[in-house]
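User: I should like a close look at a single part of this structure, namely the place where the two chains meet. Please describe that part and the sheets and strands that belong to the picture.

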Amino acid sequence: MVNIEEHMTKARDLGLENDRVPVEYYTSAAYFRREQDMIFRRAWLMVGRVEDVAEPGDFIVRDVPPLKASVIIARGKDGKVRAFHNTCSHRGVALVCQDRGNALTFRCPYHAWIYRIDGSLSAIPAEQDFPHVDKAANGLAPIHLDTWAGFIFLNFADEPEATLPEFLAGLDTMLDGAPFDQFPFSIQVSDEIDCNWKNLVNAFNEGYHVAVLHNKTLRAAVVPKDNPHLHYLDIKQFGPHSAGTVPRNFDYDPQAPALTWVYAQMLPTSAPDVAAINEGRAGFYEHPGINRLKIPNFGTETITIFPNISIQPLANGYLFYQFWPMSEGRMRTDVRIYSRHAPRTLREEFAMASTLAATRDVVVEDMAMSRLQQIGFESGGKKYQQFGQNEPLLRMFTRDYEAYLAGGGMPRQPDKAEAAE
Amino acid sequence: MNGPDAPEKSLIPQQFAFLEPFVETWGHLRTQDERYAKRQALDQEELEAFHAALAHRLEEVFTHLDQFDPQALPEAEALLFRVALGLTEAAQAVEIFGQPRVPHAPFPHGVAIAWNGYQPH
């Protein structure tokens, strides 16, 4: 029998003594500008899944709000996934205007310059008037891209300071082989909120608020009697990234008629499929890097990837959250609910729509509170916010945030440093 | 075309006439965000009346809908399904919050929703 209290990781267990953080980090335009340069132009940023561009010719366009970047991600005829800035070499137009599609070429709608799916410039109308343009050197501007576990990451530095595996710092090895690819279907919810992006990062990095803020939505399902403040268990650090184990109540048995009916059609992403668990086919539950403690009422392993990702693998899929700054006081939250397949029946569509509404409402609670927090910060009565011993991941994020702003944070690369000497 | 004096005749299948009072409110909404907005705008009493009429009879509704191709629903069944989908929002107000809106959220509040690779009803 696991003694839960022993595994409630406290800040002091991780040597994290930064028990308060300046409010200025959350309200100042100067800090936002430093975040753009020192975090979002340096760290590897997750922007999608390889399933989003499954076939040669498939492309998606994603924006990266803190950098105002519009990015084309495309799978070439050679099967390779590449990323480019969405800007024509001629006069700069963001030439791909669809969110997604399949194409062999991209044609600029302004003057019809044509690019191949691999980004190379294929044709210039009235080419004789552009004798100074070397087509071979005027393809779409590439962005560094790598993938891990099917997730697509970009790096906007001219030369990344670390490779993606170096950046992931062991989180990738712990989760090696985790079955994200078993859950290819997603529903996305996005919203823009008047608050600093780190308010939401912090909300997903502690369970202390769950019994209070989520009293009506989550408490009964996830807050166990032996862990009333939903302390994260067994926190593991990987550079600036982390993972922590979160329990839930397996005896949660909603009696409300609509919810009960939904559960009988198709279990929500978050609900444990007890039969599947018992038969060893419950997706992430079987992975050795997840629930190392083997707690019997395992809910999720909450995985944080610096700077702005939270992933929660569950029995029937996973939840993905990403928090993008737009300015110091405004941000965008993207939530994706991943499941095994698209609805096959109207019953499943109804169940998924219900899960979508329920998941959205929980995030709306977090976003609403983050907005109130921003109002409080900007009111100016407090110079600091405080992080408890039971909020170690907030202290850890702040530690690594400060390291990045100071020019560090990334794994060292002794080879390059030595070569420069 | 119905004249101004002729009330539009609902197409909902006859055995689901008990949902008739809710067709006007829920039957013409086409997206989850429209249903979310409707739920926020209604009184709790209206949401409770809808929930009371439908929540215990979902199985009947879907036993009927099971007979049809989900991608080619006849108009009456499509209307019935859209009314039923209203309960995905109304149930949040009735079974979870005890009020139409998420506490502390802005009003009206909307989010952008995308089902990747599936066209929901």
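Analyst: The following account begins with the contact between the chains and then turns to the sheets. The model is a predicted one.

On the side of chain B, 34 residues are in contact with 33 residues of chain A. Three elements of chain B each supply at least two residues of the side that touches chain A: helix H4 (58–65), helix H5 (75–97) and strand E1 (112–115). The greatest contribution comes from H5(B), with 11 residues. Sorted by class, this side of chain B consists of 21 nonpolar, 10 polar and 3 charged residues.

Strand E1(B) also takes part in strand pairing across the chains. It pairs with strand E12 (residues 185–193) of chain A in the antiparallel sense, over 4 bridges. Within this pairing, Ala114(B) of E1(B) stands opposite Gln188(A). In general, the strands of a sheet pair through backbone hydrogen bonds, in either a parallel or an antiparallel arrangement.

The pairing of E12(A) with E1(B) belongs to an open sheet of 8 strands with antiparallel pairing, in the order E13(A)-E14(A)-E15(A)-E16(A)-E17(A)-E18(A)-E12(A)-E1(B). The edges are held by strand E13 (233–238) of chain A and by E1 of chain B; each has a single partner strand, so one side of each is left without a neighbour in the sheet. From one strand to the next, the twist averages 15°.

Further along this sheet, strand E16 (residues 309–314) of chain A and strand E17 (residues 317–327) of chain A form an antiparallel pair over 6 bridges. There, Leu314(A) stands opposite Gly317(A) in E17(A). Helix H10 (residues 346–379) of chain A lies across E12 and strand E18 (330–339) of chain A, and runs at about 25° to E12(A). E12(A) is thus a strand that pairs with E1(B) and over which H10(A) lies.

Chain A also contains an open sheet of 7 strands, in the order E2-E11-E10-E5-E4-E3-E6, with antiparallel pairing. Its edge strands are E2 (45–49) and E6 (100–102) of chain A, each of which pairs on one side only. Neighbouring strands of this sheet are turned by 30° against each other on average, direction ignored. Within the sheet, strand E3 (residues 58–64) of chain A and strand E4 (residues 69–75) of chain A pair in the antiparallel sense over 6 bridges. In E4(A), Ile73(A) is the bridge partner of Ile60(A).

Conventions: Residues numbered from 1 in each chain as written. Chains lettered and ligands numbered in written order. Predicted model: local features only at pLDDT ≥ 70, side-chain atom pairs only at ≥ 80, totals over all residues. Contact = placed C-beta atoms within 7 Å. Nonpolar A, V, L, I, M, F, W, Y, C, P; charged D, E, K, R; others polar. Pairing = 2+ DSSP bridges. Axes fitted to C-alpha atoms, helices over the stretch in contact; angles between N-to-C directions.
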